[in-house]
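User: I have a model open and would like to talk through its helix packing and its internal space. Can you take me through it?

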Amino acid sequence: MHSNGHIHNNGTVFEPILLMLLMLGLVIYIAACIISNRRYKKWPLYRTFFWILGTLCAASAIIGPIANRAHMDFTAHMVGHLLLGMIAPILLVPSAPITLALRSLDVQSARRLSKVLKSWPLRFLSNPITASALNIGGLWILYTTGLYGLMHQNALLHALVHFHVFIAGYLFTASMIYMDPAPHRFSFMFRAIVFTISLAGHDILSKYIFVHPPSGVTKEQAENGGMFMYYAGDAIDVALICILCYQWFKATRSKGSLAL
């Protein structure tokens, strides 16, 4: 079990910065909704609701009871991981923030954003293989090396790990289900194959944690945390699979209708 005094004393510097960034994103999203509604038809309310809910899920993993307990309880840490890296992204991606930005920006700024979306760095990051490597590969590094123990001794590292889990989770989700304009699109079959491999990597890691506790974690906590990661993670992945399959079905049906 970790000694959490160091993090609680110094972590107050960095976690609020992450929280402020999330809240800033929420304010910007709502402001963009207001601007967009003045120019076009009303932005779907459910997308705004998803953005608010997703932001709250991510925030609860950074500050609050779950975040505080996560310093001492590995299962609570896994709850935070689920909220930050899986549930928040699956809510934020369907909020279509890029589409909203393109609707609310002036023409010149919208063109600049489109240029960025078409750039090679975004092409690289939006590739499902890259996104999966950052997401699942990052978790393997976190839990199978000494990084997990180190992050509980260094507040900046603790904040950076949280930031990576969130960004990698968002990139992975966005690379699997296209809700926003995606200049560099990949086929449904390709995404499904990469997703299946990623799902296997996530499940194998949860079993590995069950048998080989991360640094500083007791065997009992590792078993509880590993089981939670396995079953709760799969539940979120099922939701993602359903969305991907629904999009695939819609695309196939549309092509079939055009052929007729």
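Analyst: We can take a helix pair, then the cavities, then a single residue, bearing in mind that this is a predicted model.

User: How do H5 and H11 cross?

Analyst: The axes of helix H5, residues 74-92, and helix H11, residues 155-176, come within 8 Å and cross at roughly 35 degrees, and the crossing is right-handed.

User: Which residues meet there?

Analyst: From H5 the contact involves His-81, Leu-84, Gly-85, Ala-88, Pro-89, Ile-90 and Leu-92, which meet His-162, Val-165, Phe-166, Gly-169, Tyr-170 and Thr-173 of H11. Sorted by class, this contact has eight nonpolar residues and five polar ones, with no charged residues.

User: Switching topic, how many cavities of 30 Å³ or more are there?

Analyst: There are two cavities of 30 Å³ or more, and the largest has a volume of about 200 Å³. It is lined by 21 residues, of which Gly-85, Met-86, Asn-135, Phe-172 and Asp-237 are the closest to its centre.

User: Which helix gives the most to that lining?

Analyst: H11 does, with six residues, while H5, H9 (128-144), H11, H12 (188-211) and H13 (219-259) each supply at least two. By class, the lining of the largest cavity divides into 12 nonpolar, eight polar and one charged.

User: And Ser-36, is that buried or exposed?

Analyst: Ser-36, which sits in helix H2, residues 15-39, counts as buried because its relative accessibility is 0%, and buried means under 20%.

User: What is Ser-36 in contact with?

Analyst: Leaving aside neighbours within four places in sequence, Ser-36 is in contact with Leu-100, Arg-103 and Ser-104.

Terms used. Residues numbered from 1 in each chain as written. Predicted model: local features only at pLDDT ≥ 70, side-chain atom pairs only at ≥ 80, totals over all residues. Heavy atoms only, no water. Axes fitted to C-alpha atoms, helices over the stretch in contact; angles between N-to-C directions. Helix = DSSP H or I, 4+ residues; strand = E, 2+ residues; numbered from the N terminus. Left-handed = near helix turned anticlockwise from the far one by under 90°. Contact = heavy atoms within 4.5 Å. Nonpolar A, V, L, I, M, F, W, Y, C, P; charged D, E, K, R; others polar. Buried < 20%, exposed > 50% of the residue type's maximum accessible area, 1.4 Å probe, protein only. 1 Å grid on protein atoms, 1.4 Å probe; cavity = no way out; pocket = protein on both sides within 12 Å on 5 of 7 lines; lining within 4 Å. Points joined across faces, edges and corners; volume = space filled by probe spheres on them.
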